[in-house]
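Me: I would like to go through a structure by question and answer. Please keep each answer short and end on the value or name I ask for.

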Amino acid sequence: MKMTGDLLKNYDRKDLESILSKNFKEALKEPVFKQLVEKLNCSYEELSKYTTTLEDCAFEYANCLKCKNLLECKNKVEGHAYLPEVKSGKLRFGYKACKFMVKHNKEYAHLKYVYTLQEPKEIERARFSEIDLKDTARLPVITYLTEFIEKYRENKKEKGLYLHGSFGSGKTYLISATFHELAKDKVESAILFWPEYLTDLKASFGTGDFKEKMDKAKKTKLLLIDDIGAENTTAWSRDDVLCPILQYRMEENLPTFFTSNFTIDELENHLAMSTSGYEIVKAKRIIERIKQLTTPLELASKNLRH
């Protein structure tokens with residue numbers, strides 16, 4: 001029962017304490033509520049002041065008792081419960097991470113070293129240990145990436161990968177898993193969905209964010225330009241954005257990866273057809289940089305998104 005303002009004036013202190021005590025005793029009939037408050041080293045008088053709030057806590061606590069993983073979380077804040085604690089004999093309330101969230105945060109703490117732009121959740125959580133090895137067509141790519149990780153850890157700079165193949169074959173997942181593995185060694189990387197990156201970059205033109213976004217692509221230790229070829233080619237995106245990024249990374253010997261539905265030859269044709277006309281020389285300039293930065297491989301696999 002909640003009473004505020006003038007309504008409280010109709011009750012003296014003893015009446016109010018009696019009502020609060022009655023409400024608390026009634027709430028104690030609920031097993032989960034009783035289990036929760038019995039864990040608190042707090043006076044009866046203090047507990048009875050917060051019956052309604054404690055009932056809210058008990059509701060979330062009950063959800064946690066039945067929960068088996070983060071996907072089943074029914075609380076307002078995923079992976080957290082609104083719970084009481086006692087400080088200097090007084091009740092305080094706040095959100096606490098559940099055991100599943102604590103485990104999750106520990107397991108994925110390294111992902112703070114991986115910057116992603118417009119990538120789905122399954123890409124953010126890609127793990128090398130969970131890559132499916134049953135599809136033998138994927139093994140050359142997996143082998144290359146495994147060796148890349150080993151050599152990078154030994155400070156032996158290896159070329160990145162130009163990985164082309166059909167839609168949904170797992171290209172982005174494999175390279176993302178590679179970046180996540182190296183993030184455990186605090187290696188910073190960026191995974192940029194290329195069409196969205198260009199849109200985001202254009203929107204920031206003329207602001208301080210523009211240079212920051214360009215530098216993110218230029219200077220990060222590992223870069224994945226994801227789904228290149230899916231964008232509408234313009235002279236600006238090709239000559240003023242992509243070319244300087246690749247030139248810088250080539251000069252600094254920074255590993256660069258690409259995924260595309262196009263082969264390199266097909267990408268060359270795509271980059272030549274800009275809004276300014278058919279510009280094959282400028283497209284070739286980009287392709288030469290990509291070839292110097294990467295080893296081309298095809299990922300021949302079924303569509304894993306179905």
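Me: Let's begin with aromatic rings. Is Tyr44 buried, partly exposed or exposed?
Reply: This is a predicted model. Tyr44 has a relative accessible area of 32%. Buried means under 20% and exposed means over 50%. Tyr44 is therefore partly exposed.

Me: How are the planes of Phe24 and Tyr44 arranged?
Reply: The two rings form an aromatic pair, 5.3 Å centre to centre. Their planes are 85° apart. Planes over 60 degrees apart count as edge-to-face. The arrangement of Phe24 and Tyr44 is edge-to-face.

Me: Which elements does that pair of Phe24 and Tyr44 link, and how many residues apart are the two?
Reply: Phe24 is in helix H2, residues 13-27. Tyr44 is in helix H4. The pair links distant parts of the chain, H2 and H4, and the separation is 20 residues.

Me: What is the relative accessible area of Phe24?
Reply: Phe24 is buried. Buried means under 20%. The value for Phe24 is 2%.

Me: Are the rings of Tyr82 and Phe93 stacked or edge-to-face?
Reply: The centres lie 6.1 Å apart, and pairing needs centres within 6.5 Å. The planes meet at 20°. Planes under 30 degrees apart count as stacked, so the pair of Tyr82 and Phe93 is stacked.

Me: Where do Tyr82 and Phe93 lie?
Reply: They are 11 residues apart, and the pair links distant parts of the chain. Tyr82 is partly exposed at 25%, and Phe93 is partly exposed at 22%. Tyr82 lies in strand E1 and Phe93 in strand E2.

Me: Which residues form a cluster with Tyr82 and Phe93?
Reply: Ring pairs link four residues here, Tyr82 and Phe93 being two of them. The other members of the cluster are Tyr50 and Tyr95.

Me: In which sense do E1 and E2 pair?
Reply: The two strands form a hairpin with 2 residues between them. Val86 stands opposite Leu91 in E2. The pairing runs over 8 bridges, and its sense is antiparallel.

Me: Which residue in the turn between E1 and E2 has a positive phi?
Reply: The residue lies in the loop between strand E1 (80-87) and E2. Its relative accessible area is 79%, over the 50% cut-off, so it counts as exposed. Its phi is near 55°, in a residue other than glycine. The residue is Ser88.

Me: What is the phi of Asp227?
Reply: Asp227 sits in the loop between strand E6 (222-226) and helix H12 (235-251). The phi is positive, in a residue other than glycine. The value for Asp227 is near 65°.

Me: Which residue forms a salt bridge with Lys90?
Reply: Lys90 is in strand E2 (residues 90-97), and its partner is in helix H4 (residues 44-48), 44 residues apart. Lys90 is partly exposed at 39%. The partner is buried at 4%. The closest N and O atoms are 4.0 Å apart, and the partner is Glu46.

Me: Which residues share a salt-bridge network with Lys184?
Reply: Lys184 bridges to Glu181, the closest N and O atoms being 3.3 Å apart. Glu181 counts as buried at 18%. Bridges with shared partners make one network, joining Lys184 to Arg153, Glu181 and Asp185.

Me: How many salt bridges does the structure hold?
Reply: Lys282 with Glu279 is a further case, with closest N and O atoms 3.8 Å apart. Lys282 is partly exposed at 32%, whereas Glu279 is buried at 18%. The count for the structure is 16.

Terms used. Residues numbered from 1 in each chain as written. Predicted model: local features only at pLDDT ≥ 70, side-chain atom pairs only at ≥ 80, totals over all residues. Heavy atoms only, no water. Salt bridge = Lys/Arg side-chain N within 4 Å of Asp/Glu carboxyl O. Helix = DSSP H or I, 4+ residues; strand = E, 2+ residues; numbered from the N terminus. Buried < 20%, exposed > 50% of the residue type's maximum accessible area, 1.4 Å probe, protein only. Pairing = 2+ DSSP bridges. Phe/Tyr/Trp six-rings, centres within 6.5 Å; stacked < 30°, edge-to-face > 60°.
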